[in-house]
Amino acid sequence: MQKKHRAMLIGAIGAGKSTLTNALLGRDVPAVKTQSLIYRDWIVDTPGEYTENPLFYKNIMATALEVTHVLFIQDATNPKTIFPPGFATGIPKLAIGVVTKTDAPEADRERAARQLRRAIPDGPIVFVSAYKNEGLEEMKALISCHSREEMKDYCANSKSENISYM
Ligand SMILES: Nc1nc2c(ncn2[C@@H]2O[C@H](COP(=O)(O)OP(=O)(O)OP(=O)(O)O)[C@@H](O)[C@H]2O)c(=O)[nH]1
Ligand SMILES: [Mg+2]
């Protein structure tokens, strides 16, 4: 990853942020409940409470100042989303939607993508499984992009089934 590129993961409790962080960084350790902001290499992992409780939105906004990309994590097995409509438009960083747990039998990719589209009117969506290491290279490629246009081009030119640009 380019040095200056940093990604913050936000999303519900149990959405798979820490498991994904470990998979992206090749850390072979089980995820434990995240209690505070965790800075690991080029990733900032957040507790699900930060996104679930609007009282913490100011923490998300403040931490977003330190990163280039904000990853909106939606669990493919969760019928609910906690992202308010247009949430990404309030954060002036490159937004990437990430659908997690695509390997789970009850995963619903389309539902999760629809949920993310409401939160991110303009941006890519990547489908990942931390368990199966799927979609991780695509995620890293998107995080190495410098602009929304560059992310859009990457999605348009990629043959991967794990990405779509809304
Ligand atoms: N099937 C499947 N389960 C996953 C995957 N990634 C995470 N999980 C499971 O989801 C649960 C929560 O994962 P975490 O990574 O701790 O979730 P989190 O978003 O960091 O949660 P908080 O720290 O509480 O905000 C764990 O039981 C994981 O085993 C995945 O790729 N596939
Ligand atoms: Mg966590």
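**Stop 1: α1 against α5**

Select α1 (17-25) and α5 (136-143). In this predicted model, the two helices are roughly perpendicular to each other, because an angle of 65 to 115 degrees counts as such and theirs is about 85 degrees. Their axes lie 10 Å apart.

Now show side chains. On the α1 side, pick Leu20, Ala23 and Leu24. On the α5 side, pick Leu136, Met139 and Lys140. Colour this contact by class: five residues are nonpolar, one is charged and none is polar.

**Stop 2: α5 against α6**

Keep α5 and add α6 (148-157). Here the axes cross at roughly 150 degrees and come within 9 Å. Select Glu138, Ala141 and Leu142 in α5. They meet Met151, Tyr154 and Cys155 of α6. The class split for α5 with α6 is five nonpolar, no polar and one charged.

**Stop 3: the largest nonpolar core**

Next, go inside. The largest nonpolar core holds 25 residues. Select Leu20, Leu71, Ile96, Val98, Val126 and Met139, which have the most contacts inside this core. Leu20 and Met139 will be familiar from the α1 and α5 contact.

Which elements each supply at least two residues of this core? Highlight the helices α1, α5 and α6, then the strands β1 (7-11), β4 (69-75), β5 (94-100) and β7 (163-165). Of the contributors, α5 gives the most, with four residues. As background, nonpolar side chains tend to be buried together in soluble globular proteins.

**Stop 4: Ile96 and its neighbours**

Centre the view on Ile96. What does Ile96 touch, leaving aside residues up to four places away in sequence? Start with the run His69, Val70, Leu71 and Phe72. Then add Ile120, Pro124 and Val126. Finish with Leu142, Ile143 and Met151. Leu142 and Met151 also take part in the contact between α5 and α6.

There is a second, separate core of 23 residues. Select Val70, Phe72, Phe87 and Phe127, which are among them. Val70 and Phe72 are both touched by Ile96.

**Stop 5: salt bridges**

Switch to charged side chains. The count comes to four salt bridges; three are visited here.

- **Asp75 and Lys101.** Select both and find the closest N and O atoms, 3.0 Å apart. Asp75 sits in strand β4, Lys101 in the loop between β5 and α4 (109-119), so the pair ties together parts 26 residues apart in sequence. Buried or exposed? Asp75 is buried, at 8% relative accessible area. Lys101 counts as partly exposed, at 28%.

- **Arg148 and Asp122.** Their closest N and O atoms are 3.9 Å apart. Arg148 belongs to helix α6 and Asp122 to the loop between α4 and β6 (124-127), so this pair ties together parts 26 residues apart in sequence. Arg148 is partly exposed, with a relative accessible area of 34%. Asp122 is partly exposed, with a value of 34%.

- **Glu137 and Lys140.** Return to α5. The closest N and O atoms of this pair are 3.9 Å apart. Glu137 and Lys140 are three residues apart in the helix, so about one helical turn separates them. Glu137 counts as exposed, at 56% relative accessibility. Lys140 counts as partly exposed, at 25%.

End on Lys140. This residue bridges to Glu137, and it is also one of the α5 residues that make the contact with α1.

Definitions and conventions:
Residues numbered from 1 in each chain as written. Chains lettered and ligands numbered in written order. Predicted model: local features only at pLDDT ≥ 70, side-chain atom pairs only at ≥ 80, totals over all residues. Heavy atoms only, no water. Core = buried A, V, L, I, M, F, W, Y, C linked by side-chain atoms within 4.5 Å. Buried < 20%, exposed > 50% of the residue type's maximum accessible area, 1.4 Å probe, protein only. Contact = heavy atoms within 4.5 Å. Axes fitted to C-alpha atoms, helices over the stretch in contact; angles between N-to-C directions. Nonpolar A, V, L, I, M, F, W, Y, C, P; charged D, E, K, R; others polar.
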